[in-house]
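Thanks for making the time this morning. I would like to walk you through one model, and I will ask you to keep the structure in view while I talk.

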Amino acid sequence: MNLRLTLTALALAGVVCAPSSAYAAGTLGLGEAIAIAQRNNLSVAASDAKIAQAKSQINQTYAGLYPQLTLTSSAVNYNIIDSNALIGGLGGMGGLGGGLGGGLSGATGMGGSFGLIQNSLSVSQVLFDGFQTASALKIADASVKMSELDRSNQLRKSAYDTARGYLQVLKASSLREVALRAVEQSQSHLEVARIKERAGTGTRFDVLQAEAQLANVQGQLRSVTNTVELARLSLGTTMGEPVGDRRLAPDLALPRLEATMDLNLQDAVENRPEFQTLVLKRRIDEATVDLNRKANLPKAQAQAQYSQQGLGTGRNFMLMAGLSWTVLDWGKAEAKVSASTLDLAQTDLSIESARRNLSMDVQSSLLNRQDARDRVAIAQKGLQVSQESHRMSQVRYSAGVGTGYEVIDAQTQLVQAQNNYVQATYDLQSAEVGLAQALGVDLSEAVNRKSAAQPKGSSELSMNSPELSKNSPELSKKGY
């Protein structure tokens with residue numbers, strides 16, 4: 001693929017986690033979460049079974065090329081009720097009847113029985129099978145590759161699902177931290193309103209407004225706290241085991257692709273596992289058509305057999321060769337060729353449809369990432385304006401020229417701006433993940449490679465940025 005792939009560390013812990021030089025014990029990193037999810041993925045286990053089954057088909061096909069050895073042993077017991085009747089019935093056989101009658105009458109008189117044991121060893125070898133084995137091997141080999149590709153695709157899908165679940169937990173945790181700070185700000189404003197009421201410079205109405213605002217943000221905190229728990233449960237389901245009380249690592253090594261709208265879409269599409277699976281499906285369909293066309297070709301087989309009766313008597317050896325050729329099957333083989341040809345045509349249509357849909361997926365992912373980048377810049381500017389507006393409302397209220405309602409309104413706008421910034425930032429990371437998946441990037445490999453090269457605590461983009469964490473009055477527990 002003509003793409004320049006750059007992996008950069010994107011710290012997404014947000015306002016939840018402060019930067020640290022090393023992860024604390026019990027921290028769950030993204031790479032570890034992906035490894036756990038892939039290990040517990042039931043679809044991967046099912047793909048392993050399919051691989052084993054496809055490989056056994058190859059062995060079975062190869063076995064048809066080797067000589068087949070068969071050992072047969074049989075025992076026959078003849079019970080003679082009336083030897084004279086038997087001999088009379090065999091009278092027409094001349095000397096055989098006389099010889100058999102003498103032997104039987106000497107042994108039994110009016111009746112008797114005797115046993116006969118026969119052993120044989122035969123070896124058969126296919127000399128020519130109409131080239132059907134070659135076509136069958138192509139089908140079996142493509143089936144193995146398809147099963148292995150399906151396993152790889154399941155691993156990749158598990159990695160991307162885990163990354164999205166991981167981001168959801170971090171986003172929900174960041175929104176909860178915003179709500180926590182909003183509660184702190186509301187409590188601080190309520191304390192100031194009460195102080196001003198007792199000093200006679202404020203009104204009871206300001207206190208009631210502050211109490212209502214506090215109740216409102218406490219309700220928001222309860223809601224986002226529940227969202228955090230649900231996100232952790234969802235991540236645990238994706239991983240196949242509970243997250244428990246483990247803290248998520250703040251620094252994520254996610255792929256950032258320097259891809260633009262003018263990239264080679266054909267290369268991008270052909271790198272997708274879904275497209276590669278269809279290509280292998282077409283190879284199987286082609287081999288199936290070829291196999292059905294060879295169904296009526298002549299087939300040759302040789303066989304050698306050694307047999308003996310009793311304890312070494314009646315030994316014989318036989319060698320023969322046979323040729324079979326179906327010259328008339330009333331259109332059965334042609335019908336199979338027609339059906340398999342239609343399957344091939346349908347696969348071609350599926351490939352073309354997948355090419356169009358996957359191209360659209362790549363282009364949509366690029367547009368989503370650009371949109372997310374623009375929204376981050378807009379949200380960051382809006383956050384800065386809201387912070388300044390909130391600061392000025394505090395100053396005016398403290399000087400007695402502003403009202404408590406102005407402070408509450410500015411705080412509400414600030415909380416919304418902080419939420420918008422958190423949402424936009426995590427949307428950008430989700431868009432990066434979506435683009436990587438659209439381009440067929442192996443996320444687990446990219447994360448592990450970048451994690452090994454990335455210093456702990458480093459970040460290119462941190463939610464713990466000045467826009468959300470600087471020591472400004474609106475984020476302080478202190479009074480105005």
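Let me begin with a detail: which residue caps the N-terminal end of α2? In this model, which is a predicted one, the cap is N41, with a side-chain oxygen that lies 2.8 Å from the backbone nitrogen of S43.

The helix that follows, α2, runs over residues 42–63, and its 22 residues reach 32 Å from the first C-alpha to the last, close to the 32 Å expected at 1.5 Å a residue. Its buried residues are V44, S47, I51, A54, I58 and T61, and because they cover an arc of only 90° around the axis, they sit on the same side of α2. Turned away from that buried side is a face carrying the exposed residues L42, Q53, N59 and Q60, while the cover over the buried residues includes α1 and α5.

Stepping back to the whole protein, we have 12 helices and 8 strands, and 39% of the 480 residues count as buried. Of the contacts between residues at least 6 apart in sequence, 88% join residues at least 24 apart.

Finally, the cores. The largest nonpolar core has 57 residues, and those with the most contacts inside it are L30, Y166, M239, L254, L439 and L443. Among the elements that give two or more residues to this core are α1, α6, β6 and α9, but α5 gives the most, with 16 residues. Apart from this core lies another, of 10 residues, including A372, A379, Y421 and L428.

Key:
Residues are numbered from 1 along each chain as its sequence is written. This is a predicted model: local features need pLDDT of at least 70, side-chain atom pairs count only at pLDDT 80 or more; totals for chains, interfaces and linings use all residues. Side-chain values use heavy atoms; hydrogens and water are left out. Helices (H or I, at least four residues) and strands (E, at least two) are DSSP runs, numbered from the N terminus. Buried means under 20% relative accessible area, exposed over 50%, partly exposed in between (1.4 Å probe, protein chains only). Contact means heavy atoms within 4.5 Å. A nonpolar core is a set of buried Ala, Val, Leu, Ile, Met, Phe, Trp, Tyr and Cys residues joined through side-chain atoms within 4.5 Å. The expected span of a helix is 1.5 Å times one less than its number of residues. The arc is that of the directions from the helix axis to the C-beta atoms. A polar contact is a pair of N or O atoms within 3.5 Å; within protein, one must be able to donate a hydrogen and the other to accept it, and residues adjacent in sequence count only if both atoms are side-chain atoms.
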